[in-house]
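Biologist: I'm new to this structure, and I'd like some help reading it. Could you walk me through a few features?

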Amino acid sequence: MSDTGRDFDIRDHRGEGVLNAEQDGEVVGQIAYFTLGAPEPALVPVHTEVPSAHAGRGIAGALARELYATAAREGLAVVPLCPYVAKWAERHPDEAPVPPGPLVEAALAKAKEDPSAW
């Protein structure tokens, strides 16, 4: 069990572009993301998934919160292209600063030119 009272841990696998919720060696939730270097460094979540067997446990919200916390610790912006993370950010404006327009445009352009980012 993690020190936050959750029965899962969250691990960032930056090289793979995934933030995983893991329990007993099993991935029970995941946010896929890519990194953006310009016009400023940012994390760009593109997809959130929690298997139905693990739904309703707050996993997706914990992942979104950790993504924003990681970005804040590293001085990075977050550009939520993932619909779930975008909605989470709207509900938690104190934890999820709105990215500047040019950064959103750059993230959308990268996603469009590189479908493997999704």
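Modeller: Happily; we'll go through the sheet, then a hairpin, then one residue. This is a predicted model, where local features need pLDDT of at least 70, side-chain atom pairs count only at pLDDT 80 or more, and totals for chains, interfaces and linings use all residues. Residues are numbered from 1 along each chain as its sequence is written, and side-chain values use heavy atoms, leaving out hydrogens and water.

Biologist: What is the order of the strands in the open sheet?

Modeller: In general, strands of a sheet pair through backbone hydrogen bonds, either parallel or antiparallel. Strands here are DSSP runs (E, at least two residues), numbered from the N terminus, and two of them pair if DSSP finds at least two bridges between them. In this model, 5 strands form an open sheet in the order E1-E2-E3-E4-E5, with mixed pairing. E1 and E5 (77–78) stand at the edges with a single partner strand each, so one side of each has no neighbour in the sheet.

Biologist: In which sense do E1 and E2 pair?

Modeller: E1 (residues 9–13) and E2 (residues 18–23) pair in the antiparallel sense over 5 bridges. Asp9 stands opposite Glu22, and Ile10 opposite Ala21. The two strands form a hairpin with 4 residues between them, and Gly17 in the turn has a positive phi of about 70°.

Biologist: Is Gln23 buried or exposed?

Modeller: Buried means under 20% relative accessible area, exposed over 50%, and partly exposed in between (1.4 Å probe, protein chains only). Gln23 is found in E2 and is buried, because its relative accessible area is 17%.
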